[in-house]
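This report looks at how the chains of an assembly meet, beginning with one pair of helices and then widening to the interfaces and the symmetry.

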Amino acid sequence: MGQSTSSLPSVARLAIAVAGAGLHEITDRVETWVEERGLAEGLCTLFICHTSASLVIQENADPSAKRDLEQWLNRLVPEADALYTHTLEGPDDIPAHIKAALTATSLSIPVLDGRLALGTWQGIFLWEHRHGARTREIVAHLGP
Amino acid sequence: MGQSTSSLPSVARLAIAVAGAGLHEITDRVETWVEERGLAEGLCTLFICHTSASLVIQENADPSAKRDLEQWLNRLVPEADALYTHTLEGPDDIPAHIKAALTATSLSIPVLDGRLALGTWQGIFLWEHRHGARTREIVAHLGP
Amino acid sequence: MGQSTSSLPSVARLAIAVAGAGLHEITDRVETWVEERGLAEGLCTLFICHTSASLVIQENADPSAKRDLEQWLNRLVPEADALYTHTLEGPDDIPAHIKAALTATSLSIPVLDGRLALGTWQGIFLWEHRHGARTREIVAHLGP
């Protein structure tokens with residue numbers, strides 16, 4: 001078992017279906033993909049191919065932390081704001097771009113002893129900033 | 001055609017001339033650099049060597065999205081604020097540091113089929129937070 | 001001297017003791033670790049294993065820039081806010097998560113000529129968002 005670094009990198013497109021706005025945990029999905037590659041040490045990078053959704057690592061234990069984080073950002077970047085001119089696609093459009101710019105488009109997590117080096121309470125989340133169900137794409141890269 | 005991963009990494013300094021504050025698209029510049037390396041799969045990382053300018057991936061289709069994003073951040077972090085004490089270099093100095101801290105200093109984008117795995121509407125931007133023309137430096141890294 | 005890329009990646013856990021909230025510079029610590037590896041070109045990635053502390057690259061020359069940045073974020077995300085429901089661990093708990101989500105969990109810095117390609121005024125900081133002394137963990141990765 002175990003893969004030599006000569007077969008790296010591995011790059012894959014992961015499709016993530018989301019039901020609507022908010023934090024969607026993808027930790028298991030990413031961990032499974034990494035562990036299937038059988039690499040002892042390396043670096044896993046996630047890149048989200050959108051400008052109205054983003055990535056964040058946050059606490060995955062208590063749902064109230066997730067809820068407060070979502071509500072706080074919704075208040076900072078409300079849908080109704082006289083400043084906006086980019087409004088053709090609906091009231092959730094430009095706030096989604098702003099929220100994405102304030103959070104992460106790419107995240108890199110080291111792999112140690114064959115596993116992502118996440119802290120005890122850390123989960124990886126896709127943060128959907130638009131309403132409505134859709135499928136988002138993340139490109140995952142695993143390198144030495 | 002096609003480079004073996006044994007000649008990696010490639011690291012280069014890219015000088016970017018900007019005319020003033022705002023989002024400056026650098027997608028073509030980065031894509032050209034990556035495609036010249038002839039790598040099928042890998043990871044491209046951009047790092048900006050400044051604390052008053054940053055990097056962001058945002059929509060490159062409609063200029064109103066860019067304008068709203070700039071104006072929104074300018075309102076969140078105004079130049080006149082009684083809180084500031086770091087004012088020797090001018091009123092745009094500490095707001096520039098704050099804006100840089102809220103956005104990205106490094107970005108990593110996977111390479112797939114010899115191209116950056118950007119989504120359809122994604123552009124890479126240098127976000128200049130200070131007034132006036134200057135030349136900024138980005139270090140680009142391409143690895144396996 | 002100089003290490004061949006075949007002995008990469010190097011991955012290490014760095015324990016960082018902090019006395020309380022604020023920006024704690026870790027540039028020397030990271031530079032020493034990287035330079036000991038003897039690599040000419042590559043990529044150094046830092047990942048913080050917490051959801052209430054983060055990473056930021058900022059000016060390390062003038063302490064007033066650091067102070068203004070801390071104070072500005074403290075005002076944006078105050079401890080007392082009727083929105084919060086996640087309050088069991090104390091008034092600094094959910095603000096710490098929000099501040100961490102607005103800044104970086106991972107940072108990648110290219111290595112060029114055997115050194116981190118930091119700009120003249122750039123320092124790497126662990127941004128502690130909770131009160132009180134504790135030890136935080138960063139996982140450092142050095143790859144080709």
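In this predicted model, helix α2 of chain A, which spans residues 63–76, and helix α3 of chain C, which spans residues 93–102, have axes that come within 10 Å and cross at roughly 60°. Because an angle is called roughly perpendicular from 65 to 115 degrees and roughly parallel under 35, this crossing makes α2(A) oblique to α3(C). The crossing in which α2(A) passes α3(C) is right-handed. On the side of α2(A), the contact is made by A:Ala65, A:Asp68, A:Leu69 and A:Trp72, while α3(C) contributes C:Ile94, C:His97, C:Ile98 and C:Ala101. By class, the residues of this contact between α2(A) and α3(C) comprise six nonpolar, one polar and one charged.

**Interfaces between the chains**

The contact between chain A and chain B takes 24 residues from chain A and 30 residues from chain B. On the side of chain A that touches chain B, the elements giving two or more residues are β3 (42–48), α3 (93–102), β5 (106–112) and β8 (134–143) of chain A, and α3(A) gives the most, with five residues.

The contact between chain B and chain C takes 25 residues from chain B and 30 residues from chain C. Here β3 (42–48), α3 (93–102), β5 (106–112) and β8 (134–143) of chain B each supply at least two residues of the side of chain B that touches chain C, and the largest share of that side, five residues, comes from α3(B).

The composition of these two sides, divided by residue class, is set out below.

| Side | Nonpolar | Polar | Charged |
|---|---|---|---|
| Chain A, touching chain B | 13 residues | 11 residues | no residues |
| Chain B, touching chain C | 13 residues | 11 residues | one residue |

**Symmetry of the copies**

What rotation superposes chain B on chain C? The rotation is one of 120°, with 0.0 Å of shift along its axis, and it superposes chain B on chain C with an RMSD of 0.0 Å, which means that the two are related as by a three-fold axis. Of the residues of chain B, B:Leu102 comes closest to this rotation axis, with its C-alpha at 3.4 Å.

Do the copies meet through the same surfaces or through different ones? Only 16% of the interface residues of chain B are also interface residues in chain C, and therefore the copies meet through different surfaces.

Key:
Residues numbered from 1 in each chain as written. Chains lettered and ligands numbered in written order. Predicted model: local features only at pLDDT ≥ 70, side-chain atom pairs only at ≥ 80, totals over all residues. Least-squares fit on C-alpha atoms with pLDDT ≥ 70 in both. Contact = placed C-beta atoms within 7 Å. Helix = DSSP H or I, 4+ residues; strand = E, 2+ residues; numbered from the N terminus. Nonpolar A, V, L, I, M, F, W, Y, C, P; charged D, E, K, R; others polar. Axes fitted to C-alpha atoms, helices over the stretch in contact; angles between N-to-C directions. Parallel < 35°, antiparallel > 145°, perpendicular 65-115°, else oblique. Left-handed = near helix turned anticlockwise from the far one by under 90°.
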